[in-house]
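Reader: I would like to learn how to read a model of this kind with some care, beginning with the sheet and ending with the side chains. Could you take me through it feature by feature?

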Amino acid sequence: MASSSSGIVAGLTVTAIAAIGFLGYQAHATAPAHPVKPAAQAPANPQNQAPAQQQDAAKPAKLPAESGTGQRVVYSVSQKRVWLVTEDGKDPKTFTVVPSTVHPAPGSYLVNSRAGTVTGSDGVPIEHVVRFASSTEGIGIGFSARVDGALPQPDPAKKTGGIRMSRADGDAMWAFALYNSKVIVVQ
């Protein structure tokens, strides 16, 4: 009886090691090469680019007052801006984004999915996907960067949940917003 139990344990151990090896390979195969260098930006095309936000570089955009506490990502839909706030709350990294056509409701969320490089719902290759919500229609909502570095306005006729940012900002988001990281959405 003892030899059959040890055979079962050995078989389960081999299966577990194979599964872990496969998952490690899969994670490695989908992760972007590091360090990722920002792509050169094409000259601005007013018809294809997000409107520039006028911001005095000497005065960083203020973190919204009702945006929670502790380490978190804060996304302001109306300001089209994100803040990466560390535990101490001092000098958060902030940058503008191009909102999707489907907006998350104001509230508190957790990062629930991440993907290195995939094709977005608009058919464009994207990287550093950090999902945190779904719309009532089941559309996944999250942050991402286009691999080609472009930041065009989304097609208003399509329902997409990708909140786009530059590749450099996508790198920062990817490093900051791990699984179960807090995301606060404000108007």
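Author: We can start from the sheet: four strands form an open sheet in the order β5-β6-β7-β8, with mixed pairing, where strands are DSSP runs of E of at least two residues and helices are runs of H or I of at least four, both numbered from the N terminus, and two strands pair if DSSP finds at least two bridges between them. The edges are taken by β5 and β8, each of which has a single partner strand, so one side of each is left without a neighbour in the sheet. From one strand to the next the twist averages 30 degrees, with axes fitted as lines to C-alpha atoms (for helices over the stretch in contact) and angles running from 0 to 180 degrees between N-to-C directions. This is a predicted model, in which local features need pLDDT of at least 70 and side-chain atom pairs count only at pLDDT 80 or more, while totals for chains, interfaces and linings use all residues. Residues are numbered from 1 along each chain as its sequence is written, and side-chain values use heavy atoms, with hydrogens and water left out.

Reader: How should I read the pairing of strands, and how many bridges join β6 to β7?

Author: Strands of a sheet pair through backbone hydrogen bonds, either parallel or antiparallel. Here β6 and β7 run antiparallel and are joined by six bridges, and Glu127 has Ala145 in β7 as its bridge partner.

Reader: Which strands does α2 lie across, and why is α2 described as largely enclosed?

Author: Helix α2 lies across β5, β6, β7 and β8 and runs at about 50 degrees to β6. Burial is judged by relative accessible area, with buried meaning under 20%, exposed over 50% and partly exposed in between (1.4 Å probe, protein chains only). Seven of the 10 residues of α2 (residues 167-176) are buried, so the helix is largely enclosed by the rest of the structure; among them are Met173, Trp174 and Phe176.

Reader: Where is His128 found, and with which side chain does His128 make a polar contact?

Author: His128 is found in strand β6 and, at 2% relative accessibility, counts as buried. Its side chain makes a polar contact with the side chain of Asp171 at 3.2 Å, a polar contact being a pair of N or O atoms within 3.5 Å, of which, within protein, one must be able to donate a hydrogen and the other to accept it, and for residues adjacent in sequence both must be side-chain atoms.

Reader: How many salt bridges does the rule give, and what does Arg164 pair with?

Author: Side chains of opposite charge can pair when their charged atoms come close. The rule asks for a side-chain nitrogen of Lys or Arg within 4 Å of a carboxyl oxygen of Asp or Glu, and the count comes to five salt bridges. One of them joins Arg164 to Asp122, with the closest N and O atoms 3.2 Å apart; this pair links distant parts of the chain, with Arg164 in strand β8 (residues 162-165) and Asp122 in the loop between β5 and β6, 42 residues apart. Arg164 counts as buried at 11% relative accessibility, whereas Asp122, at 29%, counts as partly exposed.

Reader: Is Lys159, which meets Glu137 in a salt bridge, buried or exposed?

Author: Lys159 is exposed, with a relative accessible area of 56%, and the N to O distance to Glu137 is 3.6 Å.

Key: Contact = heavy atoms within 4.5 Å.
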